[in-house]
Protein chains: 2
Amino acid sequence: MPGQKASETVRREQILRAAYEVASRKGIDGLTVRAVAARAKLSHGLVLFHFKRKDQLVDALLDRVLSTSLKLHMSEDVARIAHPLDRLRALLRQEMDRLSGEPRRTRLFFEYWALGTRHSATRAKISAELDRYRAAFRATTEDILQAEPARFTGVTSDRLAAVAVSFINGCAVQAMIDPEHFDINEYLAAVQGIIGRPPRQQHGEHADG
Amino acid sequence: MPGQKASETVRREQILRAAYEVASRKGIDGLTVRAVAARAKLSHGLVLFHFKRKDQLVDALLDRVLSTSLKLHMSEDVARIAHPLDRLRALLRQEMDRLSGEPRRTRLFFEYWALGTRHSATRAKISAELDRYRAAFRATTEDILQAEPARFTGVTSDRLAAVAVSFINGCAVQAMIDPEHFDINEYLAAVQGIIGRPPRQQHGEHADG
DNA sequence: GCATACATTGGACAATCGGTCAATATGTGA
DNA sequence: TCACATATTGACCGATTGTCCAATGTATGC
């Protein structure tokens with residue numbers, strides 16, 4: 001049983017898969033070289049043979065988490081929606097459903113997020129991937145601005161995409177701590193009431209604090 | 001210098017303050033009994049004399065983080081706003097400003113948040129404190145519903161308060177990773193455009209993926 | 001001043017961590 | 001089949017952790 005050789009790519013994949021399983025269950029600080037090795041049924045020495053340092057393993061796992069957590073897949077059903085704003089709303093709903101349906105991965109994602117506050121390389125990687133994720137929304141937000149320019153005065157498509165992403169992250173955080181008590185439809189309805197159609201905001205702003 | 005006695009309440013306060021400074025800089029997993037002791041200029045044995053286990057220290061620190069992070073203070077300027085919806089908007093802006101101005105505390109708060117996914121006691125404590133935080137918004141959201149019932153059909157004041165809190169958390173997360181590239185005014189304007197006044201949502205829902 | 005109570009210290013311990021390395025098992029080409 | 005390259009193992013190391021505890025220092029009542 002022990003000692004079966006394998007190619008480097010196969011081993012790295014096997015180790016990374018085990019690392020993801022460990023981290024998604026025990027958190028980043030529970031991500032131990034020995035725990036990963038045990039999960040992959042390998043010796044801990046072998047893990048450090050393929051990933052020379054633990055940092056490299058953590059970093060590679062971050063790549064994996066980002067590429068799966070921040071991948072926007074526009075289904076055909078959604079792409080077929082003619083009205084751009086409705087399409088964006090469908091995207092929002094889809095992404096929030098997806099993230100709230102994967103609480104473990106979402107939690108791991110935000111653990112890296114918090115870690116990025118102290119670790120600049122991690123922060124840079126997350127920021128770059130968030131940029132890519134935002135860019136995936138741009139096609140739709142540009143359509144929106146073109147279709148209804150009057151609705152979004154002074155708002156760029158970039159900013160619109162940024163808000164969409166931020167909105168999704170906020171809901172994901174909410175769903176992370178309390179998955180049951182979170183209903184996306186109610187959420188959207190209430191936000192619509194709070195934000196939509198301000199009765200007297202344009203003429204005399206009181207904001208200056 | 002060493003060995004000066006002090007009352008238990010004073011020592012606990014001193015230790016907790018040091019624990020907060022350590023955790024807000026190094027994160028929860030950087031919160032070490034010895035690090036806290038060093039920060040408070042005490043022996044590590046004394047820390048465990050007042051907090052019998054490290055868990056109790058971490059737990060007491062959570063109380064402190066929650067009571068400061070989730071405290072809603074309605075300033076007189078805000079309370080004086082007659083229009084309830086404008087008052088809620090001002091509250092949102094105030095809280096987002098406050099949280100984004102304290103990135104360290106916010107990060108620590110979300111670290112506990114993520115930790116709550118695995119630790120049920122932590123999760124319960126955070127949920128309870130979030131309930132209290134939500135309740136502080138209820139006075140305003142009830143005023144809103146009373147003033148403009150037509151605007152929020154089928155939305156309760158509880159739900160409205162919940163959305164406000166979730167909204168704040170989402171912005172806080174956003175400001176945590178990238179404090180510079182976050183502008184609350186632009187955020188609110190863009191959300192208003194996305195959510196407000198849906199042109200055709202009520203009759204034929206297409207959501208079912 | 002002295003005895004008592006207890007806050008405080010720092011050493012010791014086992015457990016666990018990341019990391020190194022000699023020894024070994026395994027596959028491959030001739 | 002044999003030599004060679006290397007993937008794999010497990011022992012080992014130093015550092016750090018939480019926790020315990022005997023020794024010591026400090027305040028207080030008498």
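A crossing of two helices is called left-handed if the near helix is turned anticlockwise from the far one by less than a right angle, and right-handed if it is turned clockwise. Keep that convention at hand for the first stop in this predicted model.

**First selection: α7 and α9 of chain A.** Select helix α7 (residues 103-116) and helix α9 (residues 157-177) of chain A, whose axes come within 10 Å and cross at roughly 115°. Viewed with one helix in front of the other, the crossing of α7(A) and α9(A) is left-handed. To see where they touch, display the side chains of Pro103(A), Thr106(A), Arg107(A) and Phe110(A) on α7(A), which meet Ala172(A), Val173(A), Ala175(A) and Met176(A) on α9(A). Coloured by class, this contact shows six nonpolar residues, one polar and one charged.

**Second selection: α6 of chain A.** Move to residues 84-100 of chain A, the helix α6, where 17 residues at 1.5 Å each should span 24 Å, and the end C-alpha atoms are indeed 24 Å apart, in agreement with that expectation. Of these 17 residues, 12 are buried, so α6(A) is largely enclosed by the rest of the structure. Among the buried ones are Leu85(A), Leu88(A), Leu91(A) and Leu92(A), but also Arg87(A), Arg89(A), Arg93(A) and Glu95(A).

**Third selection: α7 of chain B.** Now select residues 103-116 of chain B, for which 14 residues at 1.5 Å each should give a span of 20 Å, and the distance between the end C-alpha atoms, 20 Å, agrees. Here 11 of the 14 residues are buried, so α7(B) too is largely enclosed by the rest of the structure. The buried residues include Phe109(B), Phe110(B), Tyr112(B) and Trp113(B), together with Arg107(B) and Glu111(B).

**Fourth selection: both chains.** Show the two chains together and superpose chain B on chain A, which takes a rotation of 180° with 0.0 Å of shift along its axis and leaves an RMSD of 0.1 Å. That is the relation of a two-fold axis. To locate the axis from within chain B, centre on Gly170(B), whose C-alpha is the nearest to it in that chain, at 1.6 Å. The same surface serves both copies, since 96% of the contact residues of chain B recur in chain A.

**Last selection: the interface.** The contact takes 52 residues from chain B and 54 from chain A. On the side of chain B that touches chain A, α6, α7, α8, α9 and α10 each supply at least two residues, and α9(B) gives the most, with 13. Coloured by class, the residues on this side of chain B divide into 26 nonpolar, 14 polar and 12 charged.

How values were computed:
Residues numbered from 1 in each chain as written. Chains lettered and ligands numbered in written order. Predicted model: local features only at pLDDT ≥ 70, side-chain atom pairs only at ≥ 80, totals over all residues. Least-squares fit on C-alpha atoms with pLDDT ≥ 70 in both. Contact = placed C-beta atoms within 7 Å. Helix = DSSP H or I, 4+ residues; strand = E, 2+ residues; numbered from the N terminus. Expected span 1.5 Å × (residues − 1). Buried ≥ 20, exposed ≤ 12 C-beta atoms within 10 Å, placed from the backbone. Axes fitted to C-alpha atoms, helices over the stretch in contact; angles between N-to-C directions. Nonpolar A, V, L, I, M, F, W, Y, C, P; charged D, E, K, R; others polar.
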